[in-house]
Amino acid sequence: MEEQLCFTTGSTCTVAFLNAAKQTDLKQCGTEFRNGSVRVGPSHLFVAQRRKALINIYKISGTGSRESVEQRLALPEPVSCLEVVKNVESQEWPYLLLASTPTGKLYVWELGSGQLLTAKSLAHYQPITKIQSIVNGKYVITSGLDSRLMIWQTMDLVTQEDPKPVYTLHDHTLGITDFCVSNAHATTHLSGKLFTVSHDMTLRCYDLNIEVWPQPHLLATFTFSGPLECVTLDSADRACYVGGPQGTHQVNFYYPLGSTKIVNLLSAEGNRIMSCVESQAQENVRELYTMGQIVCPKITGASSTKLACSMDGSQLVVGDSLGKCTVMDIFSKQPLKELHSIVSNESCGEVTSLVLDLIDQDPSESLLATGKSQIEHKFPNLQKNVFTREGLHDVYCQITADREEAVAPLDDFQSYLNQVASEENAFMQLGSVVSTVKVVGQMEHQEEANMEAKVSSESEELTTMKETVGQLTGAYKDLREMYEKLFREHETLLSNKEN
Amino acid sequence: MAVEPLPLSKVAKTLESATGYDFQVILKTLTSFKYVDDKLLKSDLAVLVAKILKLLRSSDDYHVWKACHLTEVICAYNPVVLCSQAGVLLTALFSKLEQKAGFYRTTVSTPQGKTVLFTLVKSVGVMVDLVRGKPALTREILTPRLPAIISILITLSQFEPKLCCPILKKLLTKNTTTFRPHINKFKNVLINLIAKDYHHFDDATKKLIVENFALLNLVKQNSGPKDETKSHLKTYQDEQWRQSMMSVLYNFKPIINLCGEIIDFSADRDMQDLVQRLPSPPSGEFEEFLPPVNVDLNKPMSLWQIAERLRILCDLTVAFTSQHTKYQIRVPLGGIVTISEAILSLTTNYLPLQRTLRRDAELTSTVGALLPTLQASGMTLLGSMSQLYGKMLLSYTPSILATLEFFIPSKKGSTSIDLEKVDCLRSEFFDLFGIVNLYLSHLGHSLNETTLFTKLVEIALHLTKDSVPLKHLYLQQNLALRKTSEKSKKASKQNTGSMSDVYSHPQAFISTCSLKHFDSLNRFLTGIVLNLKMPSVQQIKITKYAITAAVKLERELGQVPESFVHLLRALVMHPGYERISIIPIAVTLLKKHGDDVFDVFCNPRLPIGAVQTVNRQEQSSLYDDHEEEIDFSHEAEEEGEITTVNEDTKPEPEEIEKAEAPNVVLASNMERILNDEPDKMFRKRTIEVQSDDHELKIRKTEIEQEVEVTKSIPVEVVQESETVVEVHESDVEDDSDFEIPDINLSDDEE
């Protein structure tokens, strides 16, 4: 397990690891718009190319990952932001690919077939700055420089010809540059919190829970001393980090006032406006709070353009305007690591997108690996005309293989023994009852055979008895003959004597 | 001291005589990994294997059976035996199997013979599985013997598909190339099974048969003479697969057209359109691998063949789309959806029967029973598709939901639900609930069309009631009584003589809704409540049902079943348009056993305990450069206040200790971290995620700073690290005692 970090600048794209030294640069890659790259499936990275109507596809993890472009997808026009809507577990590929153009147009492609399902022009009146799918892909959020944020139902996007957002938020007065949504949310409905930052120097927090509010409810507004460019949340919503040209600040939502009192800054008491100040040693926190000010620790002073928080919430990756990423320890506010692109040059520009993702490193990447290399699948070409929803509608897909179970004796020995015991029944005569299973057709046969056997055994007995009788009578006859013979001799002797 | 294992030579001696428990003990003994020993190979293991072989070759069925199990166990648990003897054992097993399978009729005439045959097949399967994946073994042992094994198994699969198909399926996917010469033979066997005997098997076997049929197409068959004119076109890997799948799909259209003989399609333009859009071969001809259906309108029973055939075709379609293949396949999702929509539209709700049929009572009643069965198979097709392809069907979902509504029987001439028919279709409706839930899980909360859901909720609530089969009887009796005069009394008395129970104990005939049914209904209702905002009427009905049924079942079972707990939770958290929460009722119902969700709901708490300490630490690290002493004592005091009294004295000696030798503490701390960290991490994570994170964080920085001294960290940082250690130390020393009081504090505050 490792956290993989991909960041792009205007002319480079670097894949590195948060806790390991390995680092690679992807070739021919670079995007000048924010959020122009997205992880697709477990191993691919899509990057919208700058000034070209192209998406470059790279394979960045798993077997067969390499630095060069794996596939290029041609587009109707250059796009800026990318996002995918994930599908169910049995499918490797995501369902939708969403892209926006600098004119505020929103494209929705079905990734499995390459069909263009919707092209919503003027979704925003100015460039879209970020697209994100939330709640298991049921909703999609877009934000734009027209200072609006829209929440769409994914189903509306793919079924309606001219989809309308379910909610539109327009509290900001200048363009919304970035937003983020709670990592913890319900499985089925819109819930959690939404944080938006804007050039108007505010961070706004909304409660999305539609069971409580009829529409997203503004909980709090934090004002800062400069425009804000990016925002990211602590993994468990305990704090949020905002960045801009003046540096990166931490906003703790459970704010301590003195030793025993803690204020939840995001309680639902209505839109409170709080101004964030940097820590000053002499100030009393309580006094500041009554004046509507809260102390926000500064994490780094560098001008930041993208932020990402590590899985355990202890490290913050800060992408800055010079095109490098710094891994900061949030608690001590010390830099742990700096990541440059290998071919770093001055002109690469700011960090435009930052993807931090958990990957599972395969330990058995050896030459002796038995598994044949998987055949690589090409993503189908993206269509330029809107799909008519007629015909067979072929979708490319591959069902993931079931997990293979061990053979019976290894899998569950106890049930195997059970099976053995029940099979043995067939060979054994149980209890004192002597019985054999007979098939109906065989019954008669067997009875006949039995009868025959009986008869034959009786006759055998009879013959032996007869034999013995015969022997005995024979012996008696012999004796008798002998006796009569002797008797006759005796008589003749007697008569001879008399004579 | 290691105990020496029982010598194998002794085991070998008892093999022949062992039965029953002794035999199981021997098997158990052989699983020991102590026998995995090279040294034993020449002496004891050889003796044992020789004994097993002797048993295997004997003519006594019982001995053969024992030898099979011995082989399985010893090869599974002893890689040494597997590598050295698998060849001999597999040959012996196979030759025995060949002999038994050759005289199939005589073998299976006795139960012993049957058992031996089954065991032999299973053992061969196990051995093949064990050998597979080991390159040298496969090359030397498996590959030469596999063709013979496959051909025997195919022959046997005509009689015992349940036994052979799982093994053949594995062989098809894993040893595709070896299987190639046997494809046609196996195909014939399977087609025979599908066309003739399909409905003689249980569902699992049916599934196996159709899956095997689908997997046959993994192998590319004779691609025929290559068309030179088309050679420049792109070839797909899934050509064979696709061709067979399409020929299955093409089979649907004639069958659905056949239904046009019963139902009048011409009455509805949409239906005609739908039938027109069904996938059909471009050239008009396709491979018909199944015999034609024989239907005669004069013999209404023969109509059921349509249902039979549709079921087969749907099963085949699911099999084709659900198998793992080595390459990507092109699934005609749109076509499959059209097919299932067409099947679901075969209903008399909206379409009239053909004019000529309407007078024949026998025929109309058959059709009435037949159509829902047809629809049900279309429904299962949609269900499997959603399970497999999930969101890919999203763009079709509105029309799918509309067609699912066709399944709900309505009373003639009105849109109200015919609940009597619903009672007859119980199990189908349970399927429908599951399928609707699948589709619901991908939708958002705002939908244009909700009549389907309100109808389904009504049906679900109807099905929770106990069914009374006597209702009809009573109705008839009443009618009959009213009509008939007393003259037939005598006759009726004779008939009703034994029927007294019906009138005296009617409750004995009521079949109550089983727990299993309650579970699946609750799953559906929970899904509805979670995903949609239902109108008040339905919401109240669901709530009422949940509460009353839960009370009733609690009295019966002593506890509220799990599915009701989920439903109650959902109702509390998603009250819909209702203003009043049922949380007091729900808590009362569950108070006997407690419930974690309601615990958090009624006594809300935040992960404050942890955050609090973090904030304090952060503050101290921010402000405390000059006032660390005060800060710390503050903390000690305040923590003393929070916790029990005896804690008060604790921090002080430590403080002194720390002031004296911070380095020592640091070192011991490091040591402790190195020793305890892993399990500590896990133990604590379950209790209090945050605190652990931050402790971890502290440790990490320490380590970092210790190790990376060369990184030229400014001097203040080192100071800071010291203060960090102090705070941390107090935290670490007390953490086990502090955890619970901390949480208490947070609860109080809330």
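**Exercise 1. The strand pair across the two chains**

Task: State which residue of β1(B) is the bridge partner of A:D394, and describe how the two strands pair.

Solution. In this predicted model, the bridge partner of A:D394 in β1(B) is B:P332.
- Step 1. Assign the strands: β1(B) covers residues 329-332 of chain B, and β33(A) covers residues 394-397 of chain A.
- Step 2. Read the pairing: β33(A) and β1(B) are antiparallel and share four bridges.
- Step 3. Place the pair in its chain: chain B has 36 helices and one strand.

**Exercise 2. The contact between chains A and B**

Task: How many residues does each chain give to the contact, and which element of chain A gives the most?

Solution.
- Step 1. Count by chain: 72 residues come from chain A and 79 residues from chain B.
- Step 2. List the elements on the side of chain A that touches chain B. Those giving two or more residues are α1 (154-159), β23 (254-257), β24 (261-264), β31 (334-339), β33 (394-397), α3 (408-411) and α4 (413-424) of chain A.
- Step 3. Rank them: α4(A) gives the most, with six residues.
- Step 4. Sort this side of chain A by class: 37 residues are nonpolar, 25 are polar and ten are charged.

**Exercise 3. Helix α22 of chain B**

Task: Check the length of α22(B) against the expected span, then find where its buried residues lie around the axis.

Solution.
- Step 1. α22(B) runs over residues 451-463, which is 13 residues.
- Step 2. At 1.5 Å a residue the helix should span 18 Å, and its end C-alpha atoms are 18 Å apart, so the two values agree.
- Step 3. The buried residues are B:F453, B:L456, B:V457, B:I459, B:A460 and B:L463.
- Step 4. These residues cover an arc of only 165° around the axis, which puts them on the same side of α22(B).
- Step 5. A general rule fits here: an α-helix has 3.6 residues a turn, so residues three or four places apart point the same way.
- Step 6. The packing partners of the buried residues of α22(B) are α20 (419-424), α21 (426-440), α26 (515-531) and α27 (536-557) of chain B.

**Exercise 4. Two open sheets of chain A**

Task: For the sheet of six strands and the sheet of four strands, give the strand order and find which strands stand at the edges.

Solution, six strands.
- Step 1. The order is β16-β17-β18-β19-β25-β26 (chain A), and the pairing is mixed.
- Step 2. β16 (176-181) and β26 (293-295) of chain A are the edges; each has a single partner strand, so one side of each has no neighbour in the sheet.
- Step 3. Neighbouring strands of this sheet are turned by 25° against each other on average, direction ignored.
- Step 4. Within this sheet, β18 (residues 202-207) and β19 (residues 217-223) of chain A run antiparallel and are joined by six bridges. The partner of A:T202 in β19(A) is A:T223.

Solution, four strands.
- Step 1. The order is β20-β21-β22-β27 (chain A), with antiparallel pairing.
- Step 2. β20 (230-233) and β27 (298-300) of chain A are the edges; each has a single partner strand, so one side of each is left without a neighbour in the sheet.
- Step 3. From one strand to the next, the twist averages 25°.
- Step 4. β20(A) pairs with β21 (residues 239-244) of chain A in the antiparallel sense over four bridges, and A:C230 has A:G243 as its bridge partner in β21(A).

**Exercise 5. A hairpin of chain A**

Task: Describe the pairing of β28(A) and β29(A), and say which residue between the strands takes a positive phi.

Solution.
- Step 1. β28(A), residues 304-309, is mostly covered, with six of its six residues buried.
- Step 2. β28(A) and β29 (residues 315-320) of chain A are antiparallel, with five bridges. One of the bridge pairs is A:K306 with A:G319.
- Step 3. Five residues stand between the strands of this hairpin, and A:G313 takes a positive phi near 70°.

**Exercise 6. Two residues of chain B**

Task: Are B:F23 and B:Y396 buried or exposed?

Solution.
- Step 1. The cut-off for a buried residue is 20 or more other C-beta atoms within 10 Å.
- Step 2. B:F23, in helix α2 (residues 20-30) of chain B, has 21 C-beta neighbours inside 10 Å and therefore counts as buried.
- Step 3. Leaving out residues up to four places away in sequence, B:F23 touches B:A18 and B:K66.
- Step 4. B:Y396 lies in the loop between α18 (361-389) and α19 (397-404) of chain B. With 24 other C-beta atoms within 10 Å, B:Y396 is buried.
- Step 5. For the chain as a whole, buried residues make up 35% of the 750 residues in chain B.

Methods
Residues are numbered from 1 along each chain as its sequence is written. Chains are lettered from A and ligands numbered from 1 in the order in which they are written. This is a predicted model: local features need pLDDT of at least 70, side-chain atom pairs count only at pLDDT 80 or more; totals for chains, interfaces and linings use all residues. The expected span of a helix is 1.5 Å times one less than its number of residues. A residue is buried if 20 or more other C-beta atoms lie within 10 Å of its own, exposed if 12 or fewer, and partly exposed in between; C-beta atoms are placed from the backbone. The arc is that of the directions from the helix axis to the C-beta atoms. Two residues are in contact if their C-beta atoms, placed from the backbone, lie within 7 Å. Two strands pair if DSSP finds at least two bridges between them. Axes are lines fitted to C-alpha atoms, for helices over the stretch in contact, and angles run from 0 to 180 degrees between N-to-C directions. Ala, Val, Leu, Ile, Met, Phe, Trp, Tyr, Cys and Pro count as nonpolar, Asp, Glu, Lys and Arg as charged, and the others, Gly among them, as polar.
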